[in-house]
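Q: I'd like to zoom in on one part of this model and see how its pieces fit together. Please keep it friendly, and start with the strands.

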Amino acid sequence: MKKELKKKKNISEYEFVELEKSFSRSHDFQKVNYSNRQTGLCFSFIYFKTLTDQKMITKSLLPQLLQGEFNKIDDLKKLLPSASIQICEDLSKVEHLLLNGYVMVTVEAEKQKAAFMAAKCSYVRELTHPEVEQTVIGPKEAFVESLNNNLNLIRKRLPVSELIIEEYIIGSISRTVVAVLYIEGITNADYVSMVKERIENIDFDEITDSSYIGQLISDNKNSPFPQLLDTERPDRAAAVLAEGKIVIAIDGSPHVLITPTTFSEFFSSFEDYFLNWTIASFARILRAFSVIFSIQITSIYVATLTYHMELIPTDLLGTLVTSRQHIPLPPFYEALMLELVIELLREAGARLPTKVGQTIGIVGGIVIGTASVQAGLTSNVLLIIIALAALASFTTPVYKMNNTIRFLRFPFLIFANLWGFVGVLFCSCILLTHMIRLTSLGRPFLEPFYPPRYRDLKDSFLRFPFQPLRPVYLRTQNPHRFQPPQKSKVKRDIDE
């Protein structure tokens with residue numbers, strides 16, 4: 001079911017002529033007149049050659065209209081498969097159909113009626129392996145820019161009639177197709193209504209990627225935290241649909257959005273579900289520790305050397321003093337300079353071609369790091385800390401959350417320079433308060449930690465064995481996923 005958010009009234013013949021004149025200013029607009037060889041009926045082909053398959057027109061459509069018995073528009077259904085023909089008296093649809101790869105056929109005697117034949121030509125990237133969410137084990141398919149292909153990848157993993165797909169056309173200029181997917185009978189109806197209402201209320205002229213939708217329907221548009229989880233993996237999208245969540249797919253985007261979501265989900269890789277639960281839990285704990293380490297280690301270094309030298313062990317104090325005895329900059333400016341250098345290298349590596357970007361990142365890091373230590377601008381201890389913090393930030397599986405973690409290091413660094421550990425604690429309180437108030441589709445972002453959902457803790461920063469019930473915070477219509485195995489009588493007898 002496809003819904004247009006802004007519908008036009010039926011246009012008059014004069015308005016159609018004006019619309020045709022507007023189209024004719026583009027060089028790819030074609031209007032060609034023909035006559036049927038049997039009846040002599042004159043008809044016109046109107047289309048955009050950049051949007052239609054020229055071979056289909058010249059080899060399949062046009063010969064049938066030239067040689068077959070063709071007296072009026074309705075005769076086209078006899079000449080061609082009816083599935084590819086739309087007889088339309090509402091000329092307000094002309095613009096939409098022509099710009100979506102249809103060929104319009106008009107007859108001079110029937111000015112208020114036209115036929116539209118599907119001849120869309122689309123260039124689609126072939127399916128490839130995931131570029132961002134790479135895994136060692138598990139499926140190697142990734143979404144592409146074609147919405148139909150993406151829906152096919154999800155549909156084949158969930159071949160049930162309860163999987164509902166509703167389409168909307170967003171953007172007054174781009175006319176982008178946005179699909180909302182959910183499983184009827186599982187997904188909470190209030191969440192579905194809320195997502196559809198927010199999408200219908202979008203008033204934006206051009207939608208290019210799923211990130212636009214994510215920003216426009218987020219609960220808090222000023223938060224640095226992403227409130228919708230994006231993924232390029234069809235297996236993950238299918239899994240969250242079965243869990244009771246909603247997936248938003250956009251034509252032209254190789255990523256889909258998942259809502260509602262929680263903070264802990266941004267640190268779980270879908271590969272965790274392909275591993276033993278003990279190994280997966282260890283990996284998640286390691287990621288959580290890496291995030292805390294990446295955000296706060298530099299600020300702790302600055303706070304310690306600026307205000308709290310007495311906390312440094314005696315054995316370590318000599319090493320720090322030796323490494324900083326010729327450094328002219330205070331710890332804050334030294335750390336800030338290195339943090340900015342790391343961000344510059346990372347940004348340069350990301351924007352350059354892959355092979356060149358890898359070379360720039362490795363060589364630039366080695367050369368700049370070695371040169372800065374030898375020149376006496378930075379200490380070797382801080383250089384190690386900055387490198388470890390950057391390495392720890394890469395453990396985050398979701399790229400958008402990775403950007404947030406990189407950003408958060410700078411406020412902590414500033415507060416550490418102002419008030420030491422008190423500043424680090426104050427900044428942590430501000431961050432925690434913001435996260436407590438943050439919501440995703442109206443649900444608290446910090447669930448299952450706040451408010452506490454003890455059952456959901458089994459799949460947060462720890463991954464226990466597969467649970468028979470769906471997450472509590474999703475409030476699904478059907479909370480049961482499977483029936484847990486019961487103890488056999490023989491086993492009970494042995495236990496007794």
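In which sense do S3 and strand S5 (residues 102-107) pair, and over how many bridges?

A: The pairing of S3 with strand S5 (residues 102-107) is antiparallel and runs over 4 bridges. Before going on, keep in mind that this is a predicted model, where local features need pLDDT of at least 70 and side-chain atom pairs count only at pLDDT 80 or more, while totals for chains, interfaces and linings use all residues. Residues are numbered from 1 along each chain as its sequence is written, and side-chain values use heavy atoms, leaving out hydrogens and water.

Two strands pair if DSSP finds at least two bridges between them; strands (E, at least two residues) and helices (H or I, at least four) are DSSP runs, numbered from the N terminus. Look for Phe45, which stands opposite Val105 in S5.

On to the next pair. Strand S2 (residues 29-35) also runs antiparallel to strand S3 (residues 42-48), this time over 7 bridges. Here you can spot Phe29 opposite Phe48 in S3. The hairpin that S2 and S3 make has 6 residues between the strands, and one of its residues, Gly40, takes a positive phi near 75 degrees.

Now zoom out a little. These strands belong to an open sheet of 5 strands, in the order S2-S3-S5-S6-S4, with antiparallel pairing. At the edges you find S2 and strand S4 (85-88); each has a single partner strand, so one side of each has no neighbour in the sheet. On average, neighbouring strands of this sheet are turned by 25 degrees against each other, direction ignored. What lies across the sheet? Helix H2 (residues 54-67) lies across S2, S3, S5 and strand S6 (110-118), at about 165 degrees to S3. Such angles run from 0 to 180 degrees between N-to-C directions, with axes fitted to C-alpha atoms, for helices over the stretch in contact, and contact means heavy atoms within 4.5 Å.

Elsewhere, two helices make another pair to compare. Helix H9 (residues 277-307) packs against helix H15 (residues 421-437) at about 150 degrees, and their axes are 9 Å apart. H9 and H15 are therefore roughly antiparallel; that label is for angles over 145 degrees, with under 35 roughly parallel, 65 to 115 roughly perpendicular and the rest oblique. From H9, the residues Gln296, Ser299, Ile300, Ala303 and Thr304 meet Phe421, Val424 and Ser428 in H15.

Finally, have a look at some loops further along. Leu441, in the loop between strand S12 (439-440) and S13, has a positive phi of about 60 degrees although it isn't a glycine. With 5% relative accessibility, Leu441 counts as buried (under 20% relative accessible area; exposed is over 50%, partly exposed in between, with a 1.4 Å probe and protein chains only).

The loop between strand S13 (443-444) and helix H16 (489-495) holds Pro448, and a cis peptide bond, with omega about 5 degrees, joins Glu447 to Pro448. Pro451 sits in the loop between S13 and H16 too, and the peptide bond from Tyr450 to Pro451 is cis, with omega near -10 degrees. Arg475 is also found in the loop between S13 and H16. Its phi is positive, near 50 degrees, in a residue other than glycine, and at 45% relative accessibility Arg475 counts as partly exposed.
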